[in-house]
Amino acid sequence: MPDTKVLLELENVTKTYAGPTPDEDVQVLRGVSLGVAEGETLAVVGPSGSGKSTLLNLMGALDRATTGSVRLGNLDLGTLSDAELAAVRNQTIGFIFQLHHLLPQCTALENVLVPTLAGHAPGQGDTVGHARDLLARVGLEHRMNHLPGQLSGGERLRVAVARSLVNRPQIVLADEPTGSLDREATERVVELLLSLNEEDGVALVFVTHAKDVASRLNRVCRLEDGELR
Ligand SMILES: Nc1ncnc2c1ncn2[C@@H]1O[C@H](COP(=O)(O)OP(=O)(O)OP(=O)(O)O)[C@@H](O)[C@H]1O
Ligand SMILES: [Mg+2]
């Protein structure tokens, strides 16, 4: 694929979390280099505690590398202020969290609209219509006005999926996106994300334990002891 451009590039990234004492610092990533091309789909697999969520958080500009560089397009994320990182995240990246982090007092539709309120994204026409359309595409047309507490775990995840897409990101990062779903609901979410990849060239990075989900993506990376294998 000679004309594909690298969208996201990690070079020799390490991440160490400070422990209660310096002796208890945890080095989670030990020199990870990884590129994601525009429109590529990638699975990150590996045992629990191997650093998958940590890696995804760095890719999604939610956290900073201890050493090494993370580049998104021609931006070096390490050089940006927290406010600049937030703007990049809001405009470019869709994130689906392992715990879905919906606002409990907001309806499904309001939750999907939250990323549009930051004002970083350019005017996209009918934002509310787009949010409704996304909720319909994940099968929640009858649950738009329900609160998260009134939804099942799988329904909440589907709200989080719709929310990740509302600002039309270039890349969607998903941490175990189908962990709590049955087969049919998994299929619906995976189909939606793959169709966005095919139709709009949205790049996808999934952390997943599901082999049948990983096998539908272009590439599988395995993390073990903080290194890619
Ligand atoms: N904020 C933190 N402070 C200290 N240690 C942390 C922090 N976050 C994660 N860790 C540690 O880093 C390691 C990797 O965690 P991470 O959440 O990235 O793993 P994971 O591969 O996503 O695991 P799982 O499959 O269980 O979700 C774990 O040993 C964890 O205890
Ligand atoms: Mg995790």
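Strand S3 (residues 41–45) and strand S9 (residues 219–224) run parallel and are joined by four bridges. Within this pair, Ala43 has Val220 of S9 as its bridge partner. Keep in mind as you look around that this is a predicted model. From here we can follow the six-stranded sheet, then visit a second sheet, a ligand and two buried residues.

**The six-stranded sheet**

- S3 and S9 belong to an open sheet of six strands, in the order S6-S7-S8-S3-S9-S10, with mixed pairing.
- The edges of this sheet are strand S6 (93–96) and S10, and each of them pairs on one side only.
- Strands of a sheet pair through backbone hydrogen bonds, and the pairing can be parallel or antiparallel.
- At one edge, S6 runs parallel to strand S7 (residues 171–175), and four bridges join them.
- One place to look in this pair is Phe95, whose bridge partner in S7 is Leu173.
- Which residues of S6 are buried on each side? Ile93 and Phe95 are buried on one side, while Gly94 and Ile96 are buried on the other, so both faces of S6 are covered.
- This split fits a general rule: in a regular strand, side chains alternate between the two faces of the sheet.

**The hairpin at the other edge**

- S9 also pairs with strand S10 (residues 227–228), this time in the antiparallel sense, over two bridges.
- Leu223 stands opposite Leu228 of S10, and Glu224 stands opposite Glu227.
- How many residues lie between S9 and S10 in their hairpin? There are two residues between them, and Asp225 in the turn has a positive phi of about 50 degrees.

**The four-stranded sheet**

- A second group of strands forms an open sheet in the order S2-S1-S4-S5, and here the pairing is antiparallel.
- Its edge strands are strand S2 (26–37) and strand S5 (75–76), each pairing on one side only.
- S5 is joined to strand S4 (residues 67–72) by two bridges, and the two strands run antiparallel.
- In that pair, Leu72 has Leu75 of S5 as its bridge partner.

**Around ligand 1**

- The shell around ligand 1 includes Tyr17, Val28 and Pro47, a run from Ser48 through Gly49, Ser50, Gly51, Lys52 and Ser53 to Thr54, and also Gln98 and His209.
- What kinds of residue make up this shell? Three are nonpolar, eight are polar and one is charged.
- Oxygen atoms of the ligand come within short distances of polar protein atoms: one is 2.5 Å from an N or O atom in the side chain of Ser48, and one is 2.7 Å from an N or O atom in the side chain of Lys52.
- A backbone takes part too, with an oxygen atom of ligand 1 lying 3.0 Å from a polar backbone atom of Gly51.
- On its own, ligand 1 has 640 Å² of accessible area, and the protein covers 60% of it.

**Helix H1**

- Helix H1 (residues 52–59) gives the largest share of the shell around ligand 1, namely three residues.
- Is H1 mostly covered or mostly open? It is mostly covered, with six of its eight residues buried.
- The buried residues of H1 are Lys52, Thr54, Leu55, Leu56, Leu58 and Met59.
- Just after H1, Ala61 takes a positive phi of about 60 degrees.

**Two buried residues in helices**

- Thr92 lies in helix H2 (residues 82–92).
- Is Thr92 buried or exposed? Thr92 is buried because its relative accessible area is 11%, and buried means under 20%.
- Leaving out residues up to four places away in sequence, Thr92 touches Leu72, Pro169, Gln170 and Ile171.
- Glu155 is found in helix H5 (residues 153–165).
- With a relative accessible area of 16%, Glu155 also counts as buried.
- Beyond its neighbours within four places in sequence, Glu155 is in contact with Leu140 and Arg143.
- Glu155 and Arg143 are twelve residues apart along the chain, and their C-alpha atoms are separated by 8.7 Å.
- The side chain of Glu155 also reaches the backbone nitrogen of Ser152, at 2.9 Å.

Key. Residues numbered from 1 in each chain as written. Chains lettered and ligands numbered in written order. Predicted model: local features only at pLDDT ≥ 70, side-chain atom pairs only at ≥ 80, totals over all residues. Heavy atoms only, no water. Buried < 20%, exposed > 50% of the residue type's maximum accessible area, 1.4 Å probe, protein only. Contact = heavy atoms within 4.5 Å. Polar contact = N/O pair within 3.5 Å; in protein donor to acceptor, adjacent residues only side chain to side chain. Pairing = 2+ DSSP bridges. Near = heavy atom within 4 Å. Areas by Shrake-Rupley, 256 points an atom, 1.4 Å probe, with all protein chains shown as cover. Nonpolar A, V, L, I, M, F, W, Y, C, P; charged D, E, K, R; others polar.
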